[in-house]
Amino acid sequence: MSQEKVDRYKKEKENRKKIMKKEKAKSFAARMAGAIVCLALIGWIGYSGYVKWESSRPATMTEIKMDALNDYISGLSADANS
């Protein structure tokens, strides 16, 4: 080995802990970014599917006849006026 290689090896050996720590941090950041992107993609697909499913369902409409209630209220007001 040349002296240059020996010096480079010694320098790398001295900084090995720092280098490993940086590599672990980079790896962790990359995994977290990937997980966030995956969660966002899954959420977007789920929301889009839900919106599409809801729009394909027929709208439900309920009809209420208020005649009996109106007759009752008018009867009460007629009794109060008498």
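Here are some short exercises on the structure above, each with a worked solution.

The model is predicted, so let us start with how confident the predictor is.

**Exercise 1: Confidence**

Find the mean pLDDT of the protein, and say in which helix confidence is lowest and in which it is highest.

Solution. Begin with the whole protein: the average pLDDT is 89, and 94% of the residues score at least 70. Next, go to the helices. Confidence is lowest in H3, with a mean of 83. The highest value belongs to helix H2 (residues 16-56), with a mean of 95.

**Exercise 2: Fold and overall shape**

Count the helices and strands, then set the radius of gyration beside the value for a compact globule of 82 residues.

Solution. Step one is the count: there are three helices and zero strands. Read along the sequence, this gives the pattern α-α-α. Step two is the radius of gyration. A compact globule of 82 residues would have a value near 12 Å, but this protein has 37 Å. Step three looks at the C-alpha trace, which spans about 115 × 35 × 10 Å along its principal axes. To see a distance inside the chain, take Gly 34 and Lys 10: they are 24 residues apart along the chain, and their C-alpha atoms are separated by 35 Å.

**Exercise 3: Buried or not?**

State what share of the residues is buried, and classify Gly 34 by its relative accessibility.

Solution. Buried residues make up 0% of the 82 residues. The protein exposes about 8400 Å², and carbon and sulfur atoms supply 62% of that area. Now take Gly 34, which sits in helix H2. Its relative accessibility is 30%. A residue is buried under 20% and exposed over 50%, so Gly 34 counts as partly exposed.

**Exercise 4: An aromatic pair**

Name the two residues of the aromatic pair and describe how their rings are arranged.

Solution. The structure holds one aromatic pair. Tyr 50 and Trp 53 form this pair, with 6.5 Å from centre to centre and 45° between the planes. Planes under 30 degrees apart count as stacked and those over 60 as edge-to-face, so the rest are tilted. The Tyr 50 and Trp 53 pair is therefore tilted. Both residues lie in helix H2, three residues apart, or about one turn of the helix. Tyr 50 is partly exposed at 48% relative accessible area, and Trp 53 is partly exposed at 48%.

**Exercise 5: A salt bridge**

Identify the partners of the salt bridge and check their distance against the cut-off of 4 Å.

Solution. The structure holds one salt bridge. Glu 54 forms it with Arg 57, and the closest N and O atoms are 3.4 Å apart. The pair meets the rule because the nitrogen must be within 4 Å of the carboxyl oxygen. Glu 54 is partly exposed, at 32%, and Arg 57 is partly exposed, at 45%.

**Exercise 6: A nonpolar patch**

List the residues of the nonpolar surface patch and give their joint accessible area.

Solution. The members are Ile 64, Met 66, Leu 69, Tyr 72, Ile 73 and Leu 76. Together they have about 610 Å² of accessible area. Look at one of them: Leu 76 is found in helix H3 (residues 67-81). At 43% relative accessibility, Leu 76 counts as partly exposed.

Conventions: Residues numbered from 1 in each chain as written. Predicted model: local features only at pLDDT ≥ 70, side-chain atom pairs only at ≥ 80, totals over all residues. Heavy atoms only, no water. Patch = residues over 30% accessible without salt bridge, like charges linked within 9 Å, V, L, I, M, F, W, Y side chains within 5 Å. Areas by Shrake-Rupley, 256 points an atom, 1.4 Å probe, with all protein chains shown as cover. Salt bridge = Lys/Arg side-chain N within 4 Å of Asp/Glu carboxyl O. Helix = DSSP H or I, 4+ residues; strand = E, 2+ residues; numbered from the N terminus. Buried < 20%, exposed > 50% of the residue type's maximum accessible area, 1.4 Å probe, protein only. pLDDT = per-residue confidence, 0-100. Phe/Tyr/Trp six-rings, centres within 6.5 Å; stacked < 30°, edge-to-face > 60°. Rg over C-alpha atoms; globule rule 2.2 N^0.38 Å.
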